[in-house]
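Here are some exercises to work through with the model open beside you. Try each task before you read its solution.

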Amino acid sequence: MTGLPWQARLRDRFASLFGAGGRPLVAVAPGRVNLIGEHTDYNDGWVLPMAIDRCAGVAAAVRPGGTLRAHAVAFSETREVAIDELEPPGGAHWLSYVAGVAWAMRSAGLEVPGADLVLDGDVPLGSGLSSSAAVEMAVARALCALAGAPWEPLAMARLGQRVEGEFVGVKGGMMDQYTAVFGRAGHALLLDCRTLEAEAVPLPEPAAVVVMDTGAPRSLAGSAYNERSRSCRLAVDAIRTLSPEVRALRDVDEALLERTRGRLSEVELKRARHVVAENRRPLAMAAALARSDLAAAGRLMNDSHASLRELYEVSSRELDLFTELARRHPACFGARLTGAGFGGCAIALVEASAAEGFMEEVHAGYRARVDLPSAVFACRPAAGARLLEG
Ligand code: GLA
């Protein structure tokens with residue numbers, strides 16, 4: 001039980017709430033940062049995320065009867081739901097990420113036993129590090145283990161995407177759940193969201209990835225996220241009137257966009273421009289990392305941020321400020337927002353030997369200007385969902 005300081009708390013809480021009987025099993029799944037390739041996953045494109053060394057954890061044990069009793073440590077709240085009465089939509093409440101998984105497993109024909117569950121972890125909630133996918137995949141890992149079902153990571157990642165789309169109401173791509181199950185220590189994943197095949201890309205030793213949490217709240221459900229993906233679909237519809245072979249923005253290049261620009265609204269054109277250019281960056285950054293060219297990797301991150309700010313319009317004052325302060329620091333190769341945007345977190349690629357000083361100075365600069373509960377921390381690429389021993 002090394003390395004997860006909240007784990008003892010998780011077991012204690014389980015024992016005090018549910019537990020005279022046997023010991024619960026504990027499943028964990030990591031949050032993620034996306035190094036580059038933002039808003040490309042639902043356009044069938046490329047992404048380069050890495051699972052991080054912060055996890056959601058679930059302590060779980062079978063209970064008699066057909067209900068799930070779940071407690072969220074972060075909210076000090078316990079809820080009970082009947083498994084065979086679960087129906088979408090559940091909305092963006094923490095319970096949806098538990099109940100939604102049980103609902104999706106049952107719809108896929110999998111058995112879901114009655115269970116007691118306690119949720120805890122150290123992925124900051126709602127700040128763009130994919131705490132929701134981490135919870136979903138930890139719950140899925142735990143429920144599969146309780147049911148004695150084999151663990152099928154890809155099927156479970158797809159199931160998590162269904163939970164988001166149908167139970168929570170955010171029609172996202174596959175990046176977050178995929179990373180939460182397939183994360184690999186020391187590596188980012190160059191993922192093709194069309195084929196769902198990924199290549200592990202080692203993060204070079206001299207590089208550190210620093211998370212800069214703006215402290216500004218963001219909410220994905222019902223927000224501008226669905227609006228962005230809708231603009232992309234409309235852009236594809238318009239382009240298909242000229243090039244019917246196009247299935248997604250992934251199939252579009254600048255020349256085709258130029259030929260069809262008259263068919264797109266101004267907003268659709270901007271969104272499509274971002275996606276078309278951004279879709280090449282994960283491949284370029286993976287190549288830069290492979291040759292340890294951190295300067296080139298950093299430039300790609302800066303370009304990505306500019307495009308997300310100007311064309312996709314998902315940045316914020318706080319994200320711009322944090323990334324700007326980061327870039328001014330000599331140890332920084334590049335910085336960009338990570339995840340959906342609209343608040344949440346940015347990341348910086350920095351010289352590992354100077355990371356401590358970088359974090360202190362950049363955070364001090366931010367705090368001097370913004371009075372929000374911000375945080376800055378380094379993260380390491382970590383493994384995907386798993387059961388813990390002991
Ligand atoms: C959120 C979604 C992902 C992805 C990113 C943007 O994190 O859950 O599927 O679309 O936004 O790249």
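## Exercise 1: two residues with positive phi

Ser130 lies in the loop that links β6 and α3; helices (H or I, at least four residues) and strands (E, at least two) are DSSP runs, numbered from the N terminus. Before starting, note that this is a predicted model, in which local features need pLDDT of at least 70 and side-chain atom pairs count only at pLDDT 80 or more, while totals for chains, interfaces and linings use all residues. Residues are numbered from 1 along each chain as its sequence is written, and side-chain values use heavy atoms, with hydrogens and water left out.

**Task.** Find the phi of Ser130, and decide whether Ser130 is buried or exposed.

**Solution.**
- Step 1: The phi of Ser130 is positive, about 65 degrees, although Ser130 is not a glycine.
- Step 2: Ser130 counts as buried because its relative accessibility is 8%. Buried means under 20% relative accessible area, exposed over 50%, and partly exposed in between (1.4 Å probe, protein chains only).
- Step 3: Now try Leu196, in the loop between β7 and β8. Leu196 is not a glycine either, and has a positive phi of about 60 degrees. With 11% relative accessibility, Leu196 counts as buried.

## Exercise 2: strand β7 and its partners

**Task.** Which residues of β7 are buried on each side, and how does β7 pair with β8?

**Solution.**
- Step 1: Strand β7 covers residues 187-192, and 6 of its 6 residues are buried.
- Step 2: In a regular strand, side chains alternate between the two faces of the sheet. In β7, His187, Leu189 and Leu191 are on one side, with Ala188, Leu190 and Asp192 on the other, and all are buried.
- Step 3: β7 pairs with β8 (residues 197-202) in the antiparallel sense over 6 bridges; two strands pair if DSSP finds at least two bridges between them. Ala188 has Val201 in β8 as its bridge partner.
- Step 4: β2 (residues 46-47) also pairs with β7 in the antiparallel sense, over 2 bridges. Here Val47 stands opposite Leu191.

## Exercise 3: two helices

**Task.** At what angle do α6 and α8 pack, and which residues meet?

**Solution.**
- Step 1: α6 (residues 224-240) and α8 (residues 266-278) pack at about 95 degrees, and their axes are 9 Å apart. Axes are lines fitted to C-alpha atoms, for helices over the stretch in contact, and angles run from 0 to 180 degrees between N-to-C directions.
- Step 2: That angle makes α6 roughly perpendicular to α8, a label for 65 to 115 degrees.
- Step 3: From α6, Arg228, Ser231, Cys232, Leu234 and Ala235 meet Val267, Glu268, Arg271, Ala272 and Val275 of α8. Contact means heavy atoms within 4.5 Å.

## Exercise 4: the two open sheets

**Task.** What is the strand order in the sheet of 6 strands, and what is it in the sheet of 4 strands?

**Solution.**
- Step 1: The 6 strands form an open sheet in the order β5-β4-β6-β3-β1-β13, with mixed pairing. Its edge strands, each pairing on one side only, are β5 (77-82) and β13 (386-387).
- Step 2: β1 (residues 25-34) and β13 run antiparallel and are joined by 2 bridges; Val28 stands opposite Arg386.
- Step 3: The 4 strands form an open sheet in the order β10-β11-β9-β12, with antiparallel pairing. Its edge strands are β10 (332-337) and β12 (375-379).
- Step 4: β9 (residues 207-213) and β12 run antiparallel with 5 bridges, and Met212 stands opposite Val376.

## Exercise 5: the nonpolar core

**Task.** Which residues touch the most other members of the largest nonpolar core?

**Solution.**
- Step 1: A nonpolar core is a set of buried Ala, Val, Leu, Ile, Met, Phe, Trp, Tyr and Cys residues joined through side-chain atoms within 4.5 Å.
- Step 2: The largest has 126 residues, and Val33, Leu35, Leu48, Leu117, Leu143, Met212 and Phe358 touch the most other members. α3 gives the most to this core, with 10 residues.
- Step 3: Leaving out residues up to four places away in sequence, the residues that Leu48 touches include Ala188, Leu190 and Val201.

Terms used: Parallel < 35°, antiparallel > 145°, perpendicular 65-115°, else oblique.
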